[in-house]
Amino acid sequence: MSPPLHFSWRNFCANDTERVFELLSPAAVRQHLTLPTPFLPKHAEEIVSKCMTRPLPHLAVTVEDELAGCIKANIPANKSDNEVMIAYWYGVNYHGKGLATAVLQRFLSLLRERYPQLDTAHAFTHTGNMASQRVLLKCGFVHRGEIIRFQGEALPFAVLHFTLNF
């Protein structure tokens, strides 16, 4: 594998909507995400708006100054502020290049530094998303099992639960 792509991150801005739509439109990206079908520009606008207003980091990941994806942290509902849920996605042109692993490693360091009260990170993947599972394991997450319900609601598909102790 070639070295990971050089990346940076920044806050999202309203001008990111068109690029988010472009990145999330291919079926190869959407197959592992929970997005509306059909995925419309208004959905991309909603994603960007949420990313701009969340209290924990929701960062636009860039490669050569072009938006490549997103990494974000949320405090799960019904949890204390010492637990965080991590999620990320990248455009199909950035898959398989080490970007997700490099970004997640740096993001976890950022969270440890900014939020010393955190003691547990959670992440979830679709059962068929082997690439994301490898990323999580490389970054120290531990597979906790398959779940079919989340926050009391049945999921339309099974997902795998991973945790990381800070």
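Colleague: Why is Arg 19 called buried?

Modeller: This is a predicted model, and in it Arg 19 has a relative accessibility of 16%. Buried means under 20%, so Arg 19 makes the cut.

Colleague: What makes Arg 19 and Glu 66 a salt bridge?

Modeller: Their closest N and O atoms are 3.2 Å apart. The rule asks for a side-chain nitrogen of Lys or Arg within 4 Å of a carboxyl oxygen of Asp or Glu, so the pair counts. This one links distant parts of the chain: Arg 19 sits in helix α1 and Glu 66 in strand β3 (residues 66–74), 47 residues apart.

Colleague: And Glu 66, why is that called partly exposed?

Modeller: Its relative accessible area is 39%. Partly exposed is what lies between under 20% and over 50%, so Glu 66 belongs there.

Colleague: How do you know that Glu 22 forms a salt bridge with Arg 19?

Modeller: Their closest N and O atoms are 2.5 Å apart, and the limit is 4 Å, so that one qualifies too. Both residues lie in helix α1 (residues 17–24), 3 residues apart, about one turn of the helix. Glu 22 itself is partly exposed, at 47% relative accessibility.

Colleague: What makes Arg 19, Glu 22 and Glu 66 one network?

Modeller: Shared partners. Arg 19 forms a salt bridge with Glu 66, and Glu 22 forms one with Arg 19, so the salt bridges join the three residues into one network.

Colleague: What about Asp 16 and Arg 10, what makes them a salt bridge?

Modeller: The closest N and O atoms of that pair are 2.7 Å apart, again to be set against 4 Å. By this rule the count for the protein comes to 3 salt bridges.

Colleague: Are Asp 16 and Arg 10 buried or exposed?

Modeller: Asp 16 has 5% relative accessibility, so it counts as buried. Arg 10 is at 31%, so it counts as partly exposed. Across the protein, buried residues make up 45% of the 166 residues.

Colleague: Zooming out, how is the protein put together?

Modeller: There are 5 helices and 7 strands, and from the N terminus on they run β-α-α-α-β-β-β-α-β-α-β-β.

Colleague: Why is the protein called as compact as a globular protein of that length?

Modeller: The radius of gyration is 15 Å, close to the 15 Å that the globule rule gives for 166 residues, so the description fits. The C-alpha atoms fill a box of roughly 35 × 35 × 35 Å along the principal axes.

Notes
Residues are numbered from 1 along each chain as its sequence is written. This is a predicted model: local features need pLDDT of at least 70, side-chain atom pairs count only at pLDDT 80 or more; totals for chains, interfaces and linings use all residues. Side-chain values use heavy atoms; hydrogens and water are left out. Helices (H or I, at least four residues) and strands (E, at least two) are DSSP runs, numbered from the N terminus. The radius of gyration is taken over C-alpha atoms; the globule rule is 2.2 Å times the number of residues to the power 0.38. Buried means under 20% relative accessible area, exposed over 50%, partly exposed in between (1.4 Å probe, protein chains only).
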